[in-house]
Amino acid sequence: MSFAVSRREFLVVAGAAALAGGFVGVPGIGNARAATGTRNAGAFKARSWEAAYSSLGLPTPQPSSAILINAPDVADNGASVPVDVSIRVPNARRLLLIGERNSFPLLADIEFSRRAEPWFEARIKLAETSDVRAIVIADGKAYTASRRVRVIVGGCVG
């Protein structure tokens, strides 16, 4: 029996399988913790980034130039600030993204599979001018970098 599949059909099916894998925790494709719905609620409810970080029980982060945060210097709309984080730390497995002056500063807690490129892009909300901090966990050590984003309220520079 012969079965022919066009390249387009194959890509559609493969893409759907990869997307579904992200929700069901297929090893190497998705985030099993996200699929199971488990998270550290205390960290996401913390009112300071230090409290959020300490509730996760992670080692003290050391500054690193191997973490690159790309964000605008000035954001005219704090409700939608584009940020991407490129990580050059070897064996990076986890990224915490923090908006230091937000009421609830922990914005994201991402785990990377061994085969994933440690990179993250999102639009975040910043309540006011703040440092955006990335903390990377690799081989049991923590590394950090930050970038200041100035938020303009109502289009006026304060």
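# Briefing: four helices, then nine strands

Read along the sequence, this protein runs α-α-α-α-β-β-β-β-β-β-β-β-β. That pattern comes to four helices and nine strands. Please keep in mind that the model is a predicted one. The protein has 158 residues, and 35% of them count as buried. Among the contacts with a separation of 6 or more, 59% are made by residues 24 or more positions apart. The points below go through a sheet, a buried acid, the salt bridges, the nonpolar cores and two backbone details.

**The open sheet**

- Strands E2, E4 and E7 make an open sheet in the order E2-E4-E7, with antiparallel pairing.
- E2 (67-70) and E7 (119-124) are the edge strands; each has a single partner strand, so one side of each is left without a neighbour in the sheet.
- On average, neighbouring strands of this sheet are turned by 15° against each other, direction ignored.
- Between E4 and E7, the antiparallel pairing extends over six bridges.
- Within E7, Arg123 is the bridge partner of Pro82.

**Asp84, a buried acid**

- Which strand holds Asp84? Asp84 sits in E4, the strand that covers residues 81-87.
- Asp84 is buried but has no salt bridge.
- The nearest side chain of opposite charge to Asp84 is that of Arg147, 9.5 Å away. A salt bridge needs a nitrogen-to-oxygen distance within 4 Å, so this separation does not qualify.
- Not counting residues up to four places away in sequence, Asp84 touches Leu68, Ile69, Asn70, Trp119, Phe120 and Glu121.

**Salt bridges**

- Side chains of opposite charge can pair when their charged atoms come close. How many salt bridges does the structure hold? There are five, and three of interest follow here.
- Asp73 and Arg147 form a salt bridge in which the closest N and O atoms are 2.6 Å apart. Asp73 lies in the loop between E2 and E3 (74-75) and Arg147 in E9 (residues 141-151), so the pair ties together parts that are 74 residues apart in sequence.
- The two partners have these accessibilities: Asp73 counts as exposed because its relative accessibility of 53% is over 50%, while Arg147, at 26%, counts as partly exposed.
- Arg133 and Glu100 also meet through their side chains in a salt bridge, at 2.6 Å from N to O. Arg133 belongs to E8 (residues 130-138) and Glu100 to the loop between E5 (92-99) and E6 (106-111), so this pair ties together parts 33 residues apart in sequence.
- Is Arg133 buried or exposed? Arg133 counts as buried, because its relative accessibility of 14% is under 20%.
- Arg101 forms a salt bridge with Glu128, where the closest N and O atoms are 2.7 Å apart. This pair links distant parts of the chain, with Arg101 in the loop between E5 and E6 and Glu128 in the loop between E7 and E8, 27 residues apart.
- Glu128 is partly exposed, with a relative accessible area of 32%.

**Nonpolar cores**

- In soluble globular proteins, nonpolar side chains tend to be buried together.
- Here the largest nonpolar core has 25 residues, and Val83, Val85, Ile87, Leu95 and Leu97 are those with the most contacts inside it.
- Which elements give two or more residues to this core? They are E2, E4, E5, E6, E7, E8 and E9.
- Leaving aside neighbours within four places in sequence, Leu95 is in contact with Val85, Ile87, Ala108, Asp109, Ile110, Phe112, Phe120, Ala134, Ile135 and Val136.
- Apart from the largest core lies another one, of 13 residues, among them Ala46, Trp49, Tyr53 and Ile98.

**Positive phi in two loops**

- Asn91 has a positive phi of about 60° although it is not a glycine. Asn91 is placed in the loop between E4 and E5 and is partly exposed, with a relative accessible area of 41%.
- Asp139, also not a glycine, has a positive phi of about 50°. Asp139 is found in the loop between E8 and E9, and at 59% relative accessibility Asp139 counts as exposed.

How values were computed:
Residues are numbered from 1 along each chain as its sequence is written. This is a predicted model: local features need pLDDT of at least 70, side-chain atom pairs count only at pLDDT 80 or more; totals for chains, interfaces and linings use all residues. Side-chain values use heavy atoms; hydrogens and water are left out. Buried means under 20% relative accessible area, exposed over 50%, partly exposed in between (1.4 Å probe, protein chains only). Lys and Arg count as positive and Asp and Glu as negative; His and the chain ends are not counted. Contact means heavy atoms within 4.5 Å. Two strands pair if DSSP finds at least two bridges between them. Axes are lines fitted to C-alpha atoms, for helices over the stretch in contact, and angles run from 0 to 180 degrees between N-to-C directions. A nonpolar core is a set of buried Ala, Val, Leu, Ile, Met, Phe, Trp, Tyr and Cys residues joined through side-chain atoms within 4.5 Å.
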